[in-house]
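Got your viewer open? Let's take a walk through this model, one selection at a time.

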Amino acid sequence: MVYGLSEVGNRGGFGHPNVLAPLLGGLALTAAFTVRSLRARHPLVDLRLSRQRSFAMSALLLFASGLDLFGSMLLLPLYYQQIRHDSVVVAGIMSIPQAIGTLPARLAGVLVDRLGPRPVVLAGVVAALGTVPFALDDGHTPIALPAVALVVRGAGLSTLNLAVLAGAFLGIAPVDVPHASSITRVAQQLGGAFGAAVLAVILQRQFATHPAAHPMAFAHTFWWALAFSAVAFVPALLLPRHKPAQA
């Protein structure tokens, strides 16, 4: 499926056989794996855990956060090189503020213990609005603003991930913890793969639409990334509000 998405830009749309064949084949294989997992007595990955609302919503949130985090990791170095005209080394250095932003988010686990997962996750989603300055940048924004925005992004996404992981295991029986761990990790990795593929296609299409205006192409792509982050509000609102001790 990821390969099919990556071919959209090269083949001029979704109608090409090289796009449709892997996409439909991937969907069919995913459906077959899902049916097999739900029917098997001892499945490789027990997808029946998705019947628990908190776990299902947590898996969706991890998919969305992986999509935003890894998709943006593709966009940000390109943004610094093509819009800011920085070297590869400088583009790497400019990503450090996002890593710095993850440090205070380590308190998220303590907050989940006290408040429950929903308010902590919602705070993380709101903090992911650090993408907005990149969507508004026309290439002349002071360099300090993107750096501060990356700190906010790092804090928001890290808080969201830790809070969701803590909330995912509420009510999970000890015997099901290995399956839950596998599903949450796979959900985030799949979200990252899809995020990179989808945002790459969007950016490529934007370059084709605005060949002489790269800042506009990046701005529109960052708005798409922000829209994907906004989708995470829906499963976040369905997470439990109670503290883990009350679960």
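**Stop 1: a buried acid and its partner**

Select Asp46, which counts as buried at 11% relative accessibility (buried means under 20% relative accessible area, exposed over 50%, partly exposed in between, with a 1.4 Å probe and protein chains only). Before you go on, some ground rules: this is a predicted model, where local features need pLDDT of at least 70, side-chain atom pairs count only at pLDDT 80 or more, and totals for chains, interfaces and linings use all residues. Residues are numbered from 1 along each chain as its sequence is written, and side-chain values use heavy atoms, with hydrogens and water left out.

Now add Arg48, whose side chain meets that of Asp46 in a salt bridge, 2.9 Å from N to O. A salt bridge here is a side-chain nitrogen of Lys or Arg within 4 Å of a carboxyl oxygen of Asp or Glu. Why do such pairs form? Side chains of opposite charge can pair when their charged atoms come close. Arg48 is partly exposed, with a relative accessible area of 24%.

**Stop 2: the other salt bridge**

How many salt bridges does the structure hold? It holds 2, so select Arg84 and Asp137 next, with their closest N and O atoms 3.3 Å apart. This pair links distant parts of the chain, 53 residues apart. Arg84 sits in the loop between helix 4 (53-82) and helix 5 (88-93), while Asp137 sits in the loop between helix 9 (132-136) and helix 10 (144-168). The helix numbers come from DSSP runs (H or I, at least four residues), numbered from the N terminus. Are Arg84 and Asp137 buried or exposed? Both are buried.

Click on His85, in the loop between helix 4 and helix 5. His85 is exposed, with a relative accessible area of 66%. His85 also has a positive phi of about 60°, although it is not a glycine. For background, most residues other than glycine have a negative phi.

**Stop 3: helix 4 against helix 10**

Colour helix 4 and helix 10. Two packed helices are described by the angle between their axes and the distance between the axes. For helix 4 and helix 10, the axes come within 9 Å and cross at roughly 155°. That makes helix 4 roughly antiparallel to helix 10. Angles under 35 degrees count as roughly parallel, over 145 as roughly antiparallel, 65 to 115 as roughly perpendicular and the rest as oblique. The axes are lines fitted to C-alpha atoms over the stretch in contact, and angles run from 0 to 180 degrees between N-to-C directions.

Show some side chains where they touch, including Phe55, Leu62, Asp68 and Tyr80 of helix 4 and Pro146, Arg153, Leu160 and Ala168 of helix 10. Contact means heavy atoms within 4.5 Å. The residues of this contact divide into 15 nonpolar, 6 polar and 2 charged. In that count, Ala, Val, Leu, Ile, Met, Phe, Trp, Tyr, Cys and Pro are nonpolar, Asp, Glu, Lys and Arg are charged, and the others, Gly among them, are polar.

**Stop 4: helix 8 against helix 10**

Keep helix 10 and add helix 8 (residues 117-127): their axes come within 7 Å and cross at roughly 155°. Helix 8 and helix 10 are therefore roughly antiparallel to each other. Among the residues that meet are Val121, Gly124 and Val125 in helix 8 and Gly156, Leu157 and Ala163 in helix 10. By class, the contact of helix 8 with helix 10 has 10 nonpolar, 4 polar and 1 charged.

**Stop 5: helix 11 and helix 12**

Next, colour helix 11 (residues 177-209) and helix 12 (residues 214-231), whose axes come within 9 Å and cross at roughly 150°. Helix 11 and helix 12 are therefore roughly antiparallel to each other. Their contact has 10 nonpolar, 4 polar and no charged residues.

Zoom in on Ile202 in helix 11. Ile202 is buried, with a relative accessible area of 12%. Which residues does Ile202 touch, leaving aside its neighbours within four places in sequence? Look for Thr221, Trp224 and Phe228.

**Last stop: further along helix 12**

Select Ser229, which lies in helix 12. Ser229 counts as buried at 8% relative accessibility. Leaving aside its neighbours within four places in sequence, Ser229 is in contact with Asp68 and Val125.

Finish at Ala227, also found in helix 12. Ala227 is partly exposed, with a relative accessible area of 36%. Ala227 and Asp68 are 159 residues apart in sequence and 9.5 Å apart in space, C-alpha to C-alpha.

Terms used
Helices (H or I, at least four residues) and strands (E, at least two) are DSSP runs, numbered from the N terminus.
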